[in-house]
Amino acid sequence: MKINCFIPFQSINQAKETIASLQASALVKKIYLLTENNCKDSVSDCEIINIDSLRSTATIKKIAAKADAEYTMIYTKSADLRLGYFALDRMLQIAKDSGAGMVYSDHYQIAGEEKKNSPVIAYQKGSLRDDFNFGSVLIYKTDALKKAVSEMNTEYKFAGIYDLRLKVSQNADLVHINEYLYTEIENDTRKSGEKIFDYVDPKNRDMQIEMEKACTEHLKKIGAYLIPQFKKVEFGQTEFEYEASVIIPVRNRIRTISDAIKSVLSQKTNFKFNLIVIDNYSTDGTTEAIDKFSGDERLIHIIPENKELGIGGCWNAGVHHPKCGKFAVQLDSDDVYSGEDTLQKIVDAFYQQNCAMVVGSYMLTDFDMQMIPPGIIDHKEWTPENGRNNALRINGLGAPRAFYTPVLREIKVPNTSYGEDYALGLYFSREYQIGRIYDVLYLCRRWDDNSDASLDIVKMNAHNTYKDRIRTWEVEARIAFNKAQ
């Protein structure tokens, strides 16, 4: 078995360690240096290829044209690559034994002076995020790569390597090797809570449009694409005492729960509403803080009998309460509504857009509710025609979220404390239109006690695996849904 290696190249000094590491392996047939700056340096036994961008379709096609070994490696970082002992041998061995279209592995990362483990997760049908973490060493079976490239009919500036991965996955497995086979340099040292909004940062808009197009074409290919045709919602079929209920699950949020409650009770509406707070056995004074509002008859304070509830389970307790209104509206215990008209706007949107779920826009703030980057998160990538397809590529749908209670009671909320809202969004959008409000309705506070402020790699991988599973189940459901039509 032999392999061609394609690596980013800016100068000899930048790439010499990576080249030396690769040249030390007898499996390497040839090394190609991908340069975006027309570098004139020459390196013995290496060929320079001028490219526009590592991630463009044009570059992927140039790689495919040069690839003449059984396997093709694409290295996606410009920093030094340090291969483990016989790492390429092991990766090619598993690639051959598994018949994989592509293999990738766990690895080490160096951040500053620290070397740490960087395990990645298994790829599955629902691993559709364009920022899925494979690490920086991607080894393709060349036949699979060439077949995928032959089907590339759209020229992307940003989504070429994403399009390649999707097309390869249509015909072969992408196999995760649970072994630490190389070391890469990590340049993004931000905390997890600072990275999670990259995909909705306005400066990345052009890239996101391309990623959506590539993903949509993939969904069409595998039979999971949904045409823009939706089930009509009949709002008058069930009688409710209240038009809307705001649902707040809470545990140990003494610093923020009073602000959240005041935000709800100050709402001005032309309909009757209430607030259902599900207090999940708080121990820090949160319970007593809620009780201070007991003089307002609109507040329903629930301490559930079941002690095994996550956030989703608390939502179920609220939604199935006999006083829950026709529309169940989300507010996290950390956050507040942006104005006194938020609830009115949300309920109006249900009727105006005939939808079973409504999602608003929010602004990221610090604890003192001062705006922080990237600022307003409006999810304008959502379109009525393709939003529910693109929802399979991104990791969230926005906030605040609100649901038509009869449908939510039928579906029920997954009893988890992460991803339960995303699962609902995918499920609702399979048949129903999701309404959108692009006004800022919600202030989302980011502070050290946020559940996702600073997660270690194990917890992040668990979260990402769960959301990939949610997407996998939804992809399979949509394929079955389409076959049944």
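**Serine 25 and strand β18**

Student: In this predicted model, which backbone atom does the side chain of serine 25 reach at 3.2 Å?

Tutor: The side chain of serine 25 comes to 3.2 Å from a backbone nitrogen, and the cut-off for a polar contact is a pair of N or O atoms within 3.5 Å. Serine 25 itself sits in the loop between α1 (12-23) and β2 (28-35). The atom reached is the backbone nitrogen of leucine 27.

Student: Does serine 25 count as buried or exposed?

Tutor: Buried requires a relative accessible area under 20%, and serine 25 has 14% relative accessibility. Leaving aside residues up to four places away in sequence, serine 25 touches Leu88 and Asp89. Because of its 14% relative accessibility, serine 25 counts as buried.

Student: How far apart in space are serine 25 and lysine 2, C-alpha to C-alpha?

Tutor: Along the sequence, serine 25 and lysine 2 are separated by 23 residues. In space, the distance from C-alpha to C-alpha is 10.0 Å.

Student: Why is strand β18 described as largely enclosed by the rest of the structure?

Tutor: Strand β18 covers residues 434-445, and it pairs in the antiparallel sense with β14 (residues 336-337) over two bridges, where valine 336 stands opposite leucine 443. The description of β18 as largely enclosed follows because, of its twelve residues, the number buried is nine.

Student: Over how many bridges do β15 and β18 pair?

Tutor: Strand β15 (residues 357-365) runs parallel to β18 in this pairing, and valine 359 stands opposite arginine 436 in β18. The number of bridges is eight.

Methods: Residues numbered from 1 in each chain as written. Predicted model: local features only at pLDDT ≥ 70, side-chain atom pairs only at ≥ 80, totals over all residues. Heavy atoms only, no water. Buried < 20%, exposed > 50% of the residue type's maximum accessible area, 1.4 Å probe, protein only. Helix = DSSP H or I, 4+ residues; strand = E, 2+ residues; numbered from the N terminus. Pairing = 2+ DSSP bridges. Contact = heavy atoms within 4.5 Å. Polar contact = N/O pair within 3.5 Å; in protein donor to acceptor, adjacent residues only side chain to side chain.
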